[in-house]
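This report describes a structure of two protein chains, moving from one chain to the other and then to the side where they touch. Please keep the sequence and the 3D view at hand while reading.

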Amino acid sequence: MASDKFSPSPSNNGLGTWLPVLFFALLSVVLMSADGRFGLSRVIRTYSSDLVSPLWWLLARPNALLQGGLDAAHSNAALRARVAELERERLRAELALQRLIALQAENAELRVLLEAKAARAPAARAVDLVNVNPEPSLKRLVIGSGSRQGVRAGQVVIDARGLVGQVSEVYPGSAAVIAITDADHAVPVMVARSGFRAILFGQGNDRHLSLANLTPSDDVKAGDVLLTSGLGGRFPPGIPVGVVKAFRQDPALTFLSAQVQPFARTGYGRHLLLLDPASAAPVVKPAPAEVKP
Amino acid sequence: MIRRDTPGLRWSSLALAFFLMLLPLPEWLADLRPFLLAQVMVYWVLETPQHMGLGRAFLFGLLLDLATFSLLGEHALRLLLIAAVVQAFRNQFRFYPVWQQSLLLLAILYADLILLWLLRNMHDAAGPAPETWLAPVLAFLLWPWLYMLLDNLRLRSRSK
């Protein structure tokens, strides 16, 4: 076993022992600035992704084992109850679906009347969630599809409830997703009720995002649903994002900021939906009653 | 006394600590995750400094940076400085009673968190979560057990 060259030797006291520390500290500063400026770590991760994919697989095992154990421990009665509950849920969902079909037909008719282009539902495919980034303040997810499966940077990721985030880095067999809750992320949104547009900022927290720089005259109320506005072209319009929970006065007392709870639950489930960029078209288009500038 | 080296135990304990740093945890627990890799590294810096020096500390940090999507060099600098401080105080550190070692480690880990906060501020990223400031306390409580466990395993594999 080779020894580490940078270990203290008994004969070497004083300034000499701190030189390697200085050397490595400077090296880390160089690396940090290179990474911040040119995305050095992204390049390294791209080339090493096949090497580390077993690690991701291994990291998912304890949780999978626990889930498997819990599933096996379910008693017959509990399973029957669950089946009954799922059956009821299916009925409810079917009912809602029927109502939706009626609405869709009505919507199509109205669109023809308005001579608008038919809105296509965006094509989406399910992808496996492979890992959630352990660093709590950075909200990154790893999905099990990459450039080999045709995933591209900037593709939009949703779950059954709402917007999750977008693909930030693509590797051959996997991809990293930056969540809307990440402190470095912002989404252009609009209030479904009033059509008011704003930018929604992540805060590095899974439970709330922030709608900053609101003035008291802006038409936003607690309980308002936010949808993506489609401005900027990155996110297709009409994807549900979250609901406005509470308002807070900024320290300067000029602006308000709203706390928004996201719909997407990144803490649950193992699958996400990846939207196909080619078919990015409105899902829901709320009628903007009065759009304020 | 002939000191026989135990590279198997060293690498496997470091690998396990690395793995535990990455293991997905429920959200309320993830913020409290102690810097376990640093603790295991400190043990090996104390016991076999010739095999666990600054170069390796830096290398482990770089690997952790790549795996956790943090800025390349961030964990590397943190582990490097922890290793450097422990190396500098090694002679005192080793002969302290174990609870006193815990206290010193607590101070080192808080200094490390302040460094992390500074680094994050410097490139305008979100600092450590409020709960993370409690993580060194967990590390403090964990150290005596970790120390005894690794010591036992090392003595056993050495005597074989």
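The expected span of a helix is 1.5 Å times one less than its number of residues. This value serves as a yardstick for the helices described below, all of which belong to a predicted model.

**Chain B**

Chain B contains eight helices and zero strands. Read along the sequence, its pattern is therefore α-α-α-α-α-α-α-α, where helices are DSSP runs of at least four residues. Of the 160 residues of chain B, 39% count as buried. Among the contacts in chain B with a separation of 6 or more, 64% are accounted for by residues 24 or more positions apart.

Two helices of this chain may be set side by side.

| Helix | Residues in helix | First to last C-alpha | Expected at 1.5 Å a residue |
|---|---|---|---|
| H3(B) | 12 residues | 17 Å | 16 Å |
| H8(B) | 25 residues | 35 Å | 36 Å |

The reach of H8(B), which covers residues 135-159, is close to the expected value, and the reach of H3(B) is likewise close to its own. H8(B) nevertheless bends by about 40 degrees at Leu142(B), and a proline, Pro144(B), follows within four residues.

Which residues of H8(B) are buried? They are Ala135(B), Pro136(B), Ala139(B), Phe140(B), Trp143(B), Leu146(B) and Arg154(B). An α-helix has 3.6 residues a turn, so residues three or four places apart point the same way. The cover over the buried residues of H8(B) includes helix H1 (7-22), helix H3 (36-47) and helix H7 (98-122) of chain B.

H3(B) is largely enclosed by the rest of the structure, because nine of its 12 residues are buried. These buried residues are Leu37(B), Ala38(B), Gln39(B), Val40(B), Met41(B), Val42(B), Tyr43(B), Trp44(B) and Val45(B). What covers them includes H1, helix H4 (54-68), helix H5 (74-88), H7 and H8 of chain B.

**The barrel of chain A**

Chain A holds a closed barrel of six strands, which runs S6-S7-S8-S11-S10-S9 with antiparallel pairing. From one strand to the next, the twist averages 40 degrees. One of the pairs is formed by strand S8 (residues 209-214) and strand S11 (residues 256-262) of chain A, which run antiparallel and are joined by four bridges. Within this pair, Leu214(A) has Leu256(A) in S11(A) as its bridge partner.

**Where the chains touch**

How many residues of each chain are in contact with the other? The contact involves 37 residues of chain A and 38 residues of chain B. On the side of chain A that touches chain B, helix H1 (15-38), helix H2 (40-73) and strand S1 (124-132) of chain A each supply at least two residues. The largest share of this side, nine residues, comes from H1(A). By class, the side has 19 nonpolar, 11 polar and seven charged residues.

A single residue, Arg45(A), illustrates contacts both within chain A and across to chain B. Arg45(A) lies in helix H2 of chain A. Is Arg45(A) buried or exposed, or something in between? A residue needs 20 or more C-beta neighbours within 10 Å to be buried and 12 or fewer to be exposed; Arg45(A) has 19 inside 10 Å and therefore counts as partly exposed.

Leaving aside neighbours within four places in sequence, Arg45(A) is in contact with Glu169(A), Tyr171(A) and Leu66(B). Arg45(A) and Val170(A) are 125 residues apart in sequence, yet their C-alpha atoms are 9.4 Å apart in space.

Definitions and conventions. Residues numbered from 1 in each chain as written. Chains lettered and ligands numbered in written order. Predicted model: local features only at pLDDT ≥ 70, side-chain atom pairs only at ≥ 80, totals over all residues. Contact = placed C-beta atoms within 7 Å. Nonpolar A, V, L, I, M, F, W, Y, C, P; charged D, E, K, R; others polar. Bend = angle between axes of the 7 residues up to and from the residue. Pairing = 2+ DSSP bridges. Axes fitted to C-alpha atoms, helices over the stretch in contact; angles between N-to-C directions.
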